[in-house]
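Here is a briefing on one chain. Please look over the sequence and the structure before reading on.

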Amino acid sequence: MALATLIPLLTPLIDQLIAHIPDPQARDKARKQAEQDLLGFIAQQQNAQSEINKIEAVHPKIFVSGWRPFIGWVCGASLAYTYIVAPFWSWVLVLWYPDVSLPALPTESLFELVLALLGLGGLRTYEKTKGVTR
C-alpha cells in the first residue's frame, strides 16, 4: 500500500487531534506535521519489516527461510488436488466404489491466498524487469 493513500484515511483522526488549536494557520501547520510524522513512522516500520524479511530469506534453516515457498507449494498442491486429482478420482471412485467420496477443500480462503501470492509475485517480476532487483 502506498504511504500517501493512508493520509485520507487518517485525516479525520488527525482533525480530531488538532481541533483544539484555535489559530487556523497553526492548525494547518500541526496537520502537516502530524501527516509527516505519521508517514515517517509508517516508513520506518516498513523498513524494519523489510530488514527482518532479508534476514529470514538468507537463514540456512528451511523452517525460517522456507515459509514463503512452503505456502506457495501448499497453495499449488491444493489447487492441483481441487481441479485435477479430486475430479479424476471422483470419476474413478464412482465406477468402483459408489459409496465413497473424496473430501472437498474450502477454496474460498485458498483463492484469496493464491491471488495475494501471485500479486506479490507479479510485483517481484515487475521489479526484475525494471532492473530494480537482481
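The points below cover the fold, the salt bridges and the aromatic rings.

This is a predicted model. The chain has 5 helices and 0 strands. Two kinds of side-chain pairing are described: 2 salt bridges and 2 aromatic pairs.

**Overall fold and surface**

- Along the sequence, the elements run in the pattern α-α-α-α-α.
- The chain has 134 residues, and 13% of them count as buried.
- Among contacts with a separation of 6 or more, 46% come from residues 24 or more positions apart.
- The exposed area of the chain is about 10900 Å². Carbon and sulfur atoms supply 68% of that area.

**Salt bridges**

- The count of salt bridges is 2.
- Arg31 pairs with Asp15, with 2.7 Å between the closest N and O atoms. Arg31 belongs to helix α2 (residues 24-57) and Asp15 to helix α1 (residues 6-18), so this bridge ties together parts that lie 16 residues apart in sequence.
- Arg31 also forms a salt bridge with Asp28. Here the closest N and O atoms are 3.1 Å apart.
- Arg31 and Asp28 both sit in helix α2. They are 3 residues apart, about one turn of the helix.
- Through shared partners, the salt bridges join Asp15, Asp28 and Arg31 into one network.

**Exposure of the charged residues**

- Arg31 has a relative accessible area of 24% and is partly exposed. That value is not under 20%, so Arg31 does not count as buried.
- Asp15 is partly exposed, at 28% relative accessibility.
- Asp28 is partly exposed too, with a relative accessible area of 39%.

**Aromatic pairs**

- The count of aromatic pairs is 2.
- Phe88 and Trp89 make an edge-to-face pair. Their ring centres are 5.5 Å apart, and 80° separates the planes. Edge-to-face requires an angle over 60 degrees, so the pair earns that label.
- Phe88 and Trp91 make a tilted pair. Their centres lie 6.4 Å apart, and their planes meet at 40°. The angle is neither under 30 degrees nor over 60, so the pair counts as tilted.
- Phe88 and Trp91 are 3 residues apart in helix α4 (residues 67-96), a separation of about one helical turn.
- Ring pairs link Phe88, Trp89 and Trp91 into a cluster.

**Exposure of the aromatic residues**

- Phe88 is partly exposed, at 44% relative accessibility.
- Trp89 is likewise partly exposed, at 44% relative accessibility.
- Trp91 is exposed, with a relative accessible area of 55%. The cut-off for exposed is over 50%, so Trp91 passes it.

**Points to locate in the view**

- Which residue forms a salt bridge with Asp15? The partner is Arg31.
- Which helix holds both Arg31 and Asp28? Both lie in helix α2.
- Is Trp91 buried or exposed? Trp91 is exposed.

Definitions and conventions:
Residues numbered from 1 in each chain as written. Predicted model: local features only at pLDDT ≥ 70, side-chain atom pairs only at ≥ 80, totals over all residues. Heavy atoms only, no water. Salt bridge = Lys/Arg side-chain N within 4 Å of Asp/Glu carboxyl O. Helix = DSSP H or I, 4+ residues; strand = E, 2+ residues; numbered from the N terminus. Buried < 20%, exposed > 50% of the residue type's maximum accessible area, 1.4 Å probe, protein only. Phe/Tyr/Trp six-rings, centres within 6.5 Å; stacked < 30°, edge-to-face > 60°. Contact = heavy atoms within 4.5 Å. Areas by Shrake-Rupley, 256 points an atom, 1.4 Å probe, with all protein chains shown as cover.
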